[in-house]
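This briefing introduces a structure to a reader who has not met it before. Please look over the sequence and the model shown below, then turn to the points that follow.

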Amino acid sequence: MTEMGLCLNFFYLIVYLNMHYVEPFVKLDCVESVIGIFNEDTNLPCSMEAAGMKTLTLTKLHESGSNDKIVYKFNSNENDTGVQGRIKLHHQDSQNVSLIIQKIQASDNGTYQFTVETDHGHASKSIDLIVRAPYTGPHISKKEENGKTFLVCTTVGYPLAQLYWKTTNETISPNSVDIARSGELYNITSCITAVDDWCSINYTCSVCIGNDCKSKELDCFKFEEISQQPLDDVRTRVGVILSFVFFILLCTAAFYCRKKFSKAHFWKQSTATLVNFVDDKEN
């Protein structure tokens, strides 16, 4: 090998060592995904193997790849408190760069990119935040319309779920499914037509997100006791209450009229007595 070749090899070795051993680096580790419960605080865990953090930026990435939004930025040189809006930095130690989103909302759902910059360089990682609001119920009720009986299943939660009806032997297609927003949550209502002997059939309504389901079986006896009440019985109770209130008002009016009449009668008698007394005095 020539002297020129030895010099070139030595130069390449110096460059390689400078790139891999001399130049400092930042290693950032974050979890891939986090499930946050609606209206509770949620931690986005990240840590780094470098000290002297200058800035920490959290960017919410848009699905289209554009319109990304910076939702949090910490700068150690500006006496930053580490709290912006509902997001705060988890100050445990210099290696912990986790962020906490307080009172998480459905609109917080999405992908976030962590970017840290230190004296040794910078690094970025992404976290998928999946927001969940556990669905209520589901609640089953009954309604009568045009001589037919319908069963109605309702539930509220997030993200969008599916409602399913079934009996012991079959799955039932609903007559209608209504989806509305209740604040940031979904309010889902599903309706089916019930057969004549509906109380003897084991109707079940299930709300499912993927394979995760929550079910409610129709309890005929409890259902009838809570939800059903004949209209005539309701009218009778209302009539009794109104009659009682009218009777109380009538008695109160009679009492005040009698009291007023008694005062007037007493005043009349007192005046007459006084007049007679004066007449007797003059005579």
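## Strands, rings and surface

In strand S19, Ser215 stands opposite Ser206. The model is a predicted one. The points below begin with the sheet to which strand S19 belongs, then turn to an aromatic pair, to charges over rings and to the surface.

**The open sheet**

- Strand S18 covers residues 204-209 and is joined to strand S19 by six bridges, the two strands running antiparallel.
- The open sheet has four strands, arranged in the order S15-S14-S18-S19 with antiparallel pairing.
- Strand S15 (171-172) and strand S19 (212-217) stand at the edges; each has a single partner strand, so one side of each is left without a neighbour in the sheet.
- Strands of a sheet pair through backbone hydrogen bonds, and this pairing may be parallel or antiparallel.

**The aromatic pair**

- One aromatic pair is present in the structure.
- The pair is formed by Tyr158 and Tyr186 and is stacked, with 5.8 Å from centre to centre and 5 degrees between the planes.
- The planes count as stacked because the angle between them is under 30 degrees.
- Distant parts of the chain are linked by this pair, as Tyr158 and Tyr186 are 28 residues apart.
- Tyr158 belongs to the loop between strand S13 (148-157) and strand S14 (162-166), whereas Tyr186 belongs to strand S17 (residues 185-193).
- Both Tyr158 and Tyr186 are buried.

**Charges over rings**

- Tyr186 also has the charged end of Arg181 over its ring, 4.2 Å from the ring centre.
- Lys143 lies over the face of Phe150, at 5.9 Å from the centre of that ring.

**Surface patch and strand S16**

- Leu160, Val177 and Ile179 make a nonpolar surface patch of about 260 Å².
- Val177 is found in strand S16, which spans residues 176-182.
- The relative accessible area of Val177 is 44%, so Val177 is partly exposed.
- Ser176 is likewise found in strand S16.
- With a relative accessible area of 32%, Ser176 is partly exposed.
- Ser176 and Thr189 are 13 residues apart along the chain, and their C-alpha atoms are separated by 8.1 Å.

Notes
Residues are numbered from 1 along each chain as its sequence is written. This is a predicted model: local features need pLDDT of at least 70, side-chain atom pairs count only at pLDDT 80 or more; totals for chains, interfaces and linings use all residues. Side-chain values use heavy atoms; hydrogens and water are left out. Rings of Phe, Tyr and Trp (its six-membered ring) pair if their centres lie within 6.5 Å; planes under 30 degrees apart count as stacked, over 60 as edge-to-face and the rest as tilted. Buried means under 20% relative accessible area, exposed over 50%, partly exposed in between (1.4 Å probe, protein chains only). A charge sits over a ring if NZ of Lys or CZ of Arg is within 6 Å of the ring centre and within 35 degrees of the ring normal. Two strands pair if DSSP finds at least two bridges between them. Patches are made of residues with over 30% relative accessible area and no salt bridge: like charges are joined within 9 Å, nonpolar side chains (Val, Leu, Ile, Met, Phe, Trp, Tyr) within 5 Å. Accessible areas come from the Shrake-Rupley method with a 1.4 Å probe; for residues, only the protein chains shown count as cover. A salt bridge is a side-chain nitrogen of Lys or Arg within 4 Å of a carboxyl oxygen of Asp or Glu.
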